[in-house]
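The exercises that follow are meant to be worked through with the sequence and the structure in view. Each one sets a task and then gives a solution in steps.

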Amino acid sequence: MVGVGLWFGVPGLPVEPRSATSQPAGNAGPSDFVLAYEDDFSDPRSGWDDKFDRYTTKQYGNNKYYVEVTTSNLTAWGLANRDVANFRLEVDATQESGPNNNGYGVLFRFRDRDNYYRFDISGEGYFLLSKFYRGEWSTLVPWTPSSALRLGYATNQLRVEAIGDEIRLYGNAPCWPRLETAP
């Protein structure tokens, strides 16, 4: 069981309410998911980080969860503080400010600060899948253009399906239909 969270590397990106579903153990397929967690971000006690520091803000407001970064070359994330193993996660992510050559998206299979996966998109219409393992980055899918991603200050529906060692990525449509990797 590992956590799921949202991460952002540019200023002012709110996250619209979506849901996370989990799959029962065994060989069930994607159609066998059941709703395990859903948040419309209306209740600031629902479990997401709500913190401020010199360069980042993580807070609830207007039924959105905001993560804002106010300096260059800094990554900040908010965690849902929920454990899931095999899952489907959906989130609407909106770039509200900052340059388009950015990265924002979803962290998943988050074990700790040194071990997790990251699905990024950019305001320029690219996506990336990377893995941070024992404090070292590896790129699983390099920055790749996707005509399905909305550019600039727009909302994109992101979805990650992680079942065993199989990962599927969606940014308004399938980005990468299937990737097999070690969990």
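**Exercise 1: Charged pairs**

Arg159 forms a salt bridge with Glu90, the closest N and O atoms being 3.9 Å apart, where a salt bridge is a side-chain nitrogen of Lys or Arg within 4 Å of a carboxyl oxygen of Asp or Glu. The model is a predicted one, in which local features need pLDDT of at least 70 and side-chain atom pairs count only at pLDDT 80 or more, while totals for chains, interfaces and linings use all residues. Residues are numbered from 1 along each chain as its sequence is written, and side-chain values use heavy atoms, with hydrogens and water left out.

Task: place this pair in the chain, state how exposed its two residues are, and find which network it belongs to.

Solution.
1. Arg159 belongs to strand E13 and Glu90 to strand E8, so that the pair links distant parts of the chain, 69 residues apart; strands (E, at least two residues) and helices (H or I, at least four) are DSSP runs, numbered from the N terminus.
2. Arg159 is partly exposed, with a relative accessible area of 23%, whereas Glu90, at 18%, counts as buried; buried means under 20% relative accessible area, exposed over 50%, and partly exposed in between, with a 1.4 Å probe and protein chains only.
3. Through salt bridges that share partners, Arg88, Glu90, Arg159 and Glu161 are joined into one network.
4. The structure holds six salt bridges, and among them is that of Glu166 with Arg168, whose closest N and O atoms are 3.1 Å apart.
5. Another one of the six pairs Asp43 with Arg45 at 3.4 Å between the closest N and O atoms; here Asp43 is partly exposed at 28% relative accessibility, and Arg45 is exposed at 74%.

**Exercise 2: A lysine without a partner**

Task: find where Lys131 lies, and decide which side chain of opposite charge is nearest to Lys131.

Solution.
1. Lys131 is part of strand E11, which covers residues 126-133.
2. Lys131 is buried yet has no salt bridge, and the nearest side chain of opposite charge, that of Asp165, is 10 Å away; in this count Lys and Arg are positive and Asp and Glu negative, while His and the chain ends are not counted.
3. The side chain of Lys131 does make a polar contact of 3.5 Å with that of Tyr117. A polar contact is a pair of N or O atoms within 3.5 Å; within protein, one must be able to donate a hydrogen and the other to accept it, and residues adjacent in sequence count only if both atoms are side-chain atoms.

**Exercise 3: The nonpolar cores**

Task: name the residues that touch the most other members of the largest nonpolar core, and say which element gives the most to this core.

Solution.
1. A nonpolar core is a set of buried Ala, Val, Leu, Ile, Met, Phe, Trp, Tyr and Cys residues joined through side-chain atoms within 4.5 Å.
2. The largest one has 21 residues, of which Phe108, Phe119, Phe127 and Leu169 touch the most other members.
3. Two or more residues each come from E8 (87-94), E9 (104-112), E10 (115-121), E11, E13 (155-163) and E14 (166-171), and E8 gives the most, with four residues.
4. Apart from this core lies another, of nine residues, including Tyr37, Tyr60, Val67 and Ala76.

**Exercise 4: Contacts between E8 and E13**

Task: determine how far apart Gln157 and Val91 are in sequence and in space.

Solution.
1. Gln157, found in strand E13, is 66 residues from Val91 in sequence but 5.7 Å from Val91 in space, C-alpha to C-alpha.
2. Thr94, which is in strand E8, has a side chain joined to that of Thr155 by a polar contact of 2.5 Å, and Thr94 counts as buried at 10% relative accessibility.

**Exercise 5: Positive phi values**

Task: compare the places of Arg109 and Arg134, and decide whether each is buried or exposed.

Solution.
1. Arg109 has a phi near 50 degrees, a positive value in a residue other than glycine, and Arg134, also not a glycine, has a positive phi of about 55 degrees.
2. Arg109 is found in strand E9 and is buried at 7% relative accessible area, whereas Arg134 lies in the loop between E11 and strand E12 (136-145) and is exposed at 64%.
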